[in-house]
Structure formats: structure tokens, C-alpha cells
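Open the model in a viewer and follow the stops below in order. Each stop says what to select and what is found there.

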Amino acid sequence: MEGMEGGSSGGGGGGGGDGGSNYYSLRPSRIMNEDILFCIDVDPESLLEMKVSGPNGRPITRLDSIKQAILLFINAKLTINPDHRFAFATLAKSPSWLRKEFSNDVESANEALRGLTATQATGQADLTNLLRVAAYEAKKSRASNRILRVILIYCRSSVRPQHQWPVNQKSFTLDVIYLHDKPGPDNCPQEVYDSLVDALDHVSEYEGYIFESGQGLQRVLFKYMCTLLAHPQQRCAQELVDLPKALTKKSPPTDTVPEDNVPVSGSQ
């Protein structure tokens, strides 16, 4: 996309030599196709139940919901641009490939997710190898005029992840969704969250987003996943994200409300 220039005259009449002009310029930019690596936490905490039931009252776990959310994301992302590609890894103590080849085939993604299962408890997760793999894959993506993004979905409430990474090495974007329990004697979700924020700040080339929820609601997970559809090169800062808008009742205009029937606002 070529740079564009424009101007606006600040003076009156006749083209005004005294008025001057203010010029602006849009720098050339190119929005690249994405290679997106999903890394899913397979600690036993991923098997905790959500606050929703499936057919015949069957419990739905975090891992079940994560699989649904990822498929929702993939189908929506490919509708926007069919040239995006996806790969999958799991996170126990360290990451492992679930499907290494990046592909835009939905059925291939569905097959990979069907084989996704939880492991036994592994204690503290080390994100260092995940970041190394991502940096290596990012070089390959750049060689193909693409960018790499890692979407980490983390489920542990009592164990902080660790990582070691150079502060000035940023070659990919990291997004995080953190599903956790409420704080308690055996849990420290705030400390875990802070560690995840620290990792994101250390590695993200573009604006990385992090979302957390301890509510156990599928719709919250799906909302966060839909927000991550935003391309890293087209994002605003996370604190400016105000989507989706809350659905609230609109009060009638003041001049149409009788004095003896003034509405009282309340929580929805």
C-alpha cells in the first residue's frame, strides 16, 4: 500500500499564501497472513467442569470448551481470510507438538483436536521451550512473508509458569487466555496471571492480548476467543478494547417521562 498525502488550507479566500497547509502521511504497510500456533494446557485442571452441561446432562470440561472455542476461531478466521494457517501444541511440564504442520484445512484441525487429552499432574510449566519453538517458526513464517502468533490457553490456578527469554528478542505475538479457579488457600491465580503478563510483555512483537476468567462460563471463553480474531497488525492497545458492548436497557428520553414515573436504573 503506497503512502498517501493530503492537506488542508488554514487561511481564507483565494488560496491564501499566508494561510499555510498541514500535511499528513500514511506510512506504507502490508497486512501479512498469519501462522497461528495454539498451545493448550493439558494439566488435569483442564478437566474441571464448566458451569454448563452437554446433551443428557453430560458435564462439559474446560478442555471440551477449549476445543469448541478453537474450532469457532478457526472457522471465523478462515471466513475473514482463507490464507491463514494453524498448528497445535500441548503444554504439560514443557510443550509438545500435537500437529506441527501449519495448515488451513478445517478437518485436519478438527482431527488434531479430537486427539487432545489431559495428562497427569506435572507441576510447574516451563514456557521457555515454547518461546524457542515460536521464535524458530517465526523465522520460517517471515521467509514466506507471513507473521507468527502463539495463542496460549492456560488452566492452572496454583502453579506459576516460568520462562527465560531475552527482553529485546521479539519476533512473534503472544496472546493468552487464562481459565482459573477462584482464589483460595491452595490457589494463587493473581500470581499466575502476573507471570503470564510478564511473559507476554517480554516476547510480543505486536500488541498481545491476555484475558482471564474464573467464572467457568463457556460464553466468556467464546467472547475472548472472538476478540482474538483481531489481526495483531491492526490492533489497538488492550485497555482500549471495548467489545462486545454490554446490552443494557435504554431509559426513555427525559422529556417524555412523566414526573410521577421516573425510571430507576439498576444492575442487569
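**Whole chain**

Of the 268 residues in the protein, 40% count as buried. The model is a predicted one. Colour by secondary structure to see five helices and 10 strands. With a surface switched on, about 15300 Å² is exposed, and carbon and sulfur atoms supply 49% of that area. Among contacts between residues at least 6 apart in sequence, 72% join residues at least 24 apart.

**Stop 1: Ile70**

Select Ile70, in helix H1 (residues 62-80). Its relative accessible area is 0%, so Ile70 is buried. Which residues are in contact with Ile70, leaving aside neighbours within four places in sequence? They are Phe38, Ile40, Phe88, Leu113, Ile153 and Met225. Add Phe222 to the selection: Ile70 and Phe222 are 152 residues apart in sequence, and their C-alpha atoms are 8.8 Å apart.

**Stop 2: salt bridges**

The whole structure holds 13 salt bridges. Begin with Asp35 and Arg146, whose side chains meet at 2.8 Å, N to O. Asp35 lies in strand E3 (residues 33-41) and Arg146 in strand E8, so this salt bridge ties together parts 111 residues apart in sequence. Asp35 is buried at 2% relative accessible area, and Arg146 counts as buried at 10%.

Next, select Asp43 and Arg156, a salt bridge with its closest N and O atoms 3.8 Å apart. Asp43 is in the loop between E3 and strand E4 (49-53), while Arg156 is in the loop between E8 and strand E9 (173-179), 113 residues apart. Both count as buried, Asp43 with 7% relative accessibility and Arg156 with 1%.

Then pick Asp175 and Arg149, where the closest N and O atoms of the salt bridge are 2.8 Å apart. Asp175 belongs to strand E9 and Arg149 to strand E8, 26 residues apart. The relative accessible area is 0% for Asp175 and 0% for Arg149. Extend the selection to Glu34, Lys77 and Arg235, which join Arg149 and Asp175 in a network of salt bridges.

**Stop 3: Asn145**

Go to the loop between helix H3 (128-143) and strand E8 (146-154), where Asn145 lies. Most residues other than glycine have a negative phi. The phi of Asn145 is positive, near 60 degrees. Asn145 counts as partly exposed, at 44% relative accessibility.

**Stop 4: a charged patch**

Finish by selecting Glu191, Asp194, Asp198 and Asp201, which form a negative surface patch. Asp201 sits in helix H4 (residues 189-203). Is Asp201 buried or partly exposed? At 47% relative accessibility, Asp201 is partly exposed.

Technical notes: Residues are numbered from 1 along each chain as its sequence is written. This is a predicted model: local features need pLDDT of at least 70, side-chain atom pairs count only at pLDDT 80 or more; totals for chains, interfaces and linings use all residues. Side-chain values use heavy atoms; hydrogens and water are left out. Patches are made of residues with over 30% relative accessible area and no salt bridge: like charges are joined within 9 Å, nonpolar side chains (Val, Leu, Ile, Met, Phe, Trp, Tyr) within 5 Å. Accessible areas come from the Shrake-Rupley method with a 1.4 Å probe; for residues, only the protein chains shown count as cover. A salt bridge is a side-chain nitrogen of Lys or Arg within 4 Å of a carboxyl oxygen of Asp or Glu. Lys and Arg count as positive and Asp and Glu as negative; His and the chain ends are not counted. The place of a charge is taken as NZ of Lys, CZ of Arg, CG of Asp or CD of Glu. Helices (H or I, at least four residues) and strands (E, at least two) are DSSP runs, numbered from the N terminus. Buried means under 20% relative accessible area, exposed over 50%, partly exposed in between (1.4 Å probe, protein chains only). Contact means heavy atoms within 4.5 Å.
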